[in-house]
Every structure is written in C-alpha cells, then in structure tokens.
Amino acid sequence: MKKLSFAVFALLFAVFSFAAEKKNIIFVVADGGGPAAMGLLLQYARYAENSPYADRTSNLEKIFSASELGIVLNATKETIVTDSAAAGTHIAKGTLTYPEYLGMGAEGENADSLLKKAQKLGMATGLITDVYLSDATPSAYTAHVNSRRNYEEISAALLNSGADVLLGGGLNYLISDKDLKDEKYAGIFKKIPYSKSLSPALKNGLFEKLITSGYPLVFDKKGLQKAKSDKLLGLFGASAIQFSVNPAPYAPTLKDMTEKALEILSKNKNGFFLMVEAGALDWMLHDNDQGAALAELLELDETLGLIKDWADKNPDTMVVITADHDTGGFGFQYRKVKGDELELKKEQGYPLYDKKDYSVKSNLDIIAKQTKMQRDMKAEFNALGEKRQTPKAIQQYLMENMGYELPLDVVEDKGDFEDCLKEINKRLGVTWSTGNHTGSPLFVSFYGAGAPKNPGVLHNTEVNKIIERFLYDGK
C-alpha cells in the first residue's frame, strides 16, 4: 500500500511539475514576406549609405545568424500557390487545407489551434496584427469556416476565443450600420479617433457583444499605454491600422502593441503563446510599392529587436519567424541603358557595365525617402485638376515624395503622372513579377528555446508540429 501511495504521489508530482513548467512562444508572421522582400530589409541595413543601423546589421539578420534557419514550402491540398487563410491554417492547426478555408482542414476537420492548446495548458494567449483582427492570419487561430469572407462568424469567433490580448485594427468587422447609427453608442463612437472612416462590414452587428465582452477596450496609443489590466482588446483602425510610411499620430506601432502584450502575458506563471503579424507588409507588396514595403519592414525589424531582447532575458522562450507566402515577386534587376539616359548617366559618372545598369546601392537610400504610398500619390495628384498637372508639377511632386528627380524632358515625354512613377521605379532597378501571391519557398527561423537543429526543408504544417512539440515538452 505504501509503495502504491508513493507511486501515485510521484505521478501527481510529475503531472503538476509538467503543468507548471513555464514556456513562452512568440510566433512572428511577415505576411507576404518572401525571401526577396526580406532581402530588401537585409540589404538596406547593410548597404544603404544612410542606413539607420550603426552596425549595418538589422535585427532580422541578428536573429537569423543566431537561429536554426530552414526553408518552408506552403502548398495547399491541391495547389502550389496559397492564400493567407490556408497558410495560416496550416501553421495554426497543422492541418492541410484549401485556399480560402480558415481554421478548417480539407475534410472539414476542426483540430485545436496552437492558441487553444496553449490555453488548455493554462498559458496566456494573444493575437496581434497591424491589419484587421478578423483577417485571415489571426483568424486561423480562432475561426472554423470554409470562406475567409464569412466575417459574421469569424468576428464572433474572435470575441469567443478566450485570448487574453487581442490588438490590431478592424472595428469595421465588428459593427453594422445599425450599430453605428444607434444613439446609445454615440458617446463611444465619438471617442474613437478614426470614427469618421468607419464603414461597417456586418449585417448583424457585434458591437453590444464587444462592449460587454469583459475586455477593457482601447482605441488609440494613449489608451494602450495606460492599460493595466490582465486582459485587453485594442482596435486602432477601421480596417488596417494606418500604414508605417505615413502613420497616424493616434495609432500604436507593431512594436508598441507587442511591448504591451509581452507586459500582460508574461504575468502568467505557465507562460504564453503570442502570434504577431506584420500584415500591412502584404498590402504594400500587393501594391508593388517598394518604399511603403520598406517602411513596413523597418517597423517589423524594430519589433524583432524588442522580441530578441525579451527572449534573450527569458531563456524559456521560443521565437519563430516566417512568412505565410510571398507576395509580388519583388526584386532588383539589371537593364540595358540607351539613348539620352545613357548619355546622361555617362555625364554623371554613373557606374555602368557593358551599358547595363545593375542598380546601384544608393538606390536603397532613394527608396527609403518615399513619404507616401504610391497609390495615395496617384490619387492626390489626380485630384489637383488638369490645369495644375503640368510636367513641372509632376517632376516636383515626385521629387518631394519619391526622392528622385526625373529629368523634365522625360516627364514631358511621358506626360502622365502614373507613367512617370513607373519610370522612376524602373530606373531604381525595381521589378515585380505580379500583384498577387507567388509559390516561392520561404525562410523560417527558430530562435531560442526548443529550436530544432538543422530544420532543413519543411512544409508549413511541420512548423506547427515543431511549435506544438515545444508547447508540450518544452524542448
């Protein structure tokens, strides 16, 4: 009997010791960030004359250099190219699925996500994005639908997720026109800094459920900074949070949100699971906008600096960095130069090799000078009216916002603002293969605790299994 009692005691001790073993998982998704997009950040840090990095090394490079680095494939059940819903589901649930399916396997399976498994172990959980919380990547952890556009169900699942921290944009996806017009909510909407840009996406609003959900709600950077609770829901934009190339003063950055999430989640004695998505990067890559994409990459890199420092001080932490897919097929190219451009470059002492322009390193500094999204430039200039859209005005506007002075005769020859913008992009050596996703393989980095040795080539469902293994045994 004594032996049996001792065996039972030992078993209970082992179970409680396991449950109490602290572990933290920070999973970072650079949405759309294929190798060439990541390369833009790495090269800018190293080669730009005005690199903001004193040691010319990005935080991404520091993590890559000290991590176990692998290659990720992301094919779906039937397709080579994926979307964020399928890719997010592959990693969140480890289940192979189809494009547009969200949190659901190809046969309709509804396995627990990493977030739900962490919750069952008594861990704190959080989801962060700089686009909208009902978008595909965060929703892969909470929803179970066969269409990523089913926002009624997706948003309801978000509020029912049990996550301790939810931070991002997307109030549009939690309200209806009826909510927006309801007088009893007028006082709340009046305090939301972006309320005039709201455009409700739901037929049946969830605003009542949102404000009675038990989450303290914040809608701006000040509210985020002041928050002291153990749970928090922040909505900082009608859809995406204002983009990094031209940020809104009221909006927190990805780093701000991550810092607050780490502050809250780290209170849990069993550790936490946190997903951080740089989702705005994907939007800029879809636009084929290298300057705005670089701004998002730099914001991501600041966040990675915070995460690296935090993980280094908390050695029970696994940091995983990857992309869900590549967007845009970005790259630098060489091109043959001829005519007036060839003569001008010779006069300027511009380096050419067999009359070819191989895109000089100073182009990186020009890309970083961009002050607005290219789509906003087009809209703003077109709104001036035809009389004010002179070649000189085009030249000056592009110089102010792109940091590149296109010769006036070239502007006169092109005649059109958009064509002049394309000419600048061409002269910078920038090329894009598409405005959509590609099937490019991706990087994956495992940093800190539980990093697998030489992970090699993985399917993204296997990334789930590696995180899950650490979740359960801490190794």
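Which residue takes a positive phi just after H18? Select Gly-403 to find the answer: this glycine, just after H18, has a phi of about 70°. Bear in mind throughout the tour that the model is predicted, with a mean pLDDT of 95 for the protein chain and 96% of its residues at 70 or more. The stretch to treat with reserve is residues 11–19, over which the pLDDT is below 50 and for which the model shows five contacts beyond near neighbours in sequence.

**Helix H18**

From Gly-403, step back into H18 itself, which covers residues 391–402. Its twelve residues reach 16 Å from the first C-alpha to the last, close to the 16 Å expected at 1.5 Å a residue. Now colour Ile-394, Gln-395, Tyr-397, Leu-398, Asn-401 and Met-402, which are buried in this helix. An α-helix has 3.6 residues a turn, so residues three or four places apart point the same way. To see what the buried residues of H18 pack against, display helices H14 (290–313), H16 (362–368), H17 (374–382), H19 (408–414) and H20 (417–427).

**From H14 to the sheet**

Of these neighbours, keep H14 on screen and follow it to the strands: it lies across E1, E3, E7, E8 and E15 (442–448), and runs at about 170° to E1. These strands belong to an open sheet of ten with mixed pairing, whose order is E5-E6-E4-E3-E7-E1-E8-E15-E2-E16. At its edges are E5 (217–218) and E16 (457–459), each of which pairs on one side only. Next select H12 (residues 254–265), which lies across E1, E3 (124–132), E4 (165–169), E6 (232–235) and E7 (271–278), and whose direction is at about 170° to that of E7.

**Strands E1 and E8**

Zoom in on E1 (residues 23–30) and E8, which run parallel and are joined by six bridges. For one place to look along this pairing, select Phe-27, whose bridge partner in E8 is Val-320.

**Thr-317**

The last stop is Thr-317, in strand E8 (residues 317–322). Is Thr-317 buried or exposed? Its relative accessible area is 1%, so Thr-317 counts as buried, the cut-off being under 20%. Show its side chain together with that of Asn-24, and a polar contact of 3.1 Å between the two can be traced. A polar atom of the Thr-317 side chain also lies 2.8 Å from the backbone oxygen of Asn-314. Leaving aside residues up to four places away in sequence, Thr-317 touches Asn-24, Ile-26, Trp-310, Ala-311, Tyr-447, Gly-448 and Ala-449.

Terms used. Residues are numbered from 1 along each chain as its sequence is written. This is a predicted model: local features need pLDDT of at least 70, side-chain atom pairs count only at pLDDT 80 or more; totals for chains, interfaces and linings use all residues. Side-chain values use heavy atoms; hydrogens and water are left out. pLDDT is the predictor's confidence in each residue, from 0 to 100. Contact means heavy atoms within 4.5 Å. Helices (H or I, at least four residues) and strands (E, at least two) are DSSP runs, numbered from the N terminus. Buried means under 20% relative accessible area, exposed over 50%, partly exposed in between (1.4 Å probe, protein chains only). A polar contact is a pair of N or O atoms within 3.5 Å; within protein, one must be able to donate a hydrogen and the other to accept it, and residues adjacent in sequence count only if both atoms are side-chain atoms. The expected span of a helix is 1.5 Å times one less than its number of residues. Two strands pair if DSSP finds at least two bridges between them. Axes are lines fitted to C-alpha atoms, for helices over the stretch in contact, and angles run from 0 to 180 degrees between N-to-C directions.
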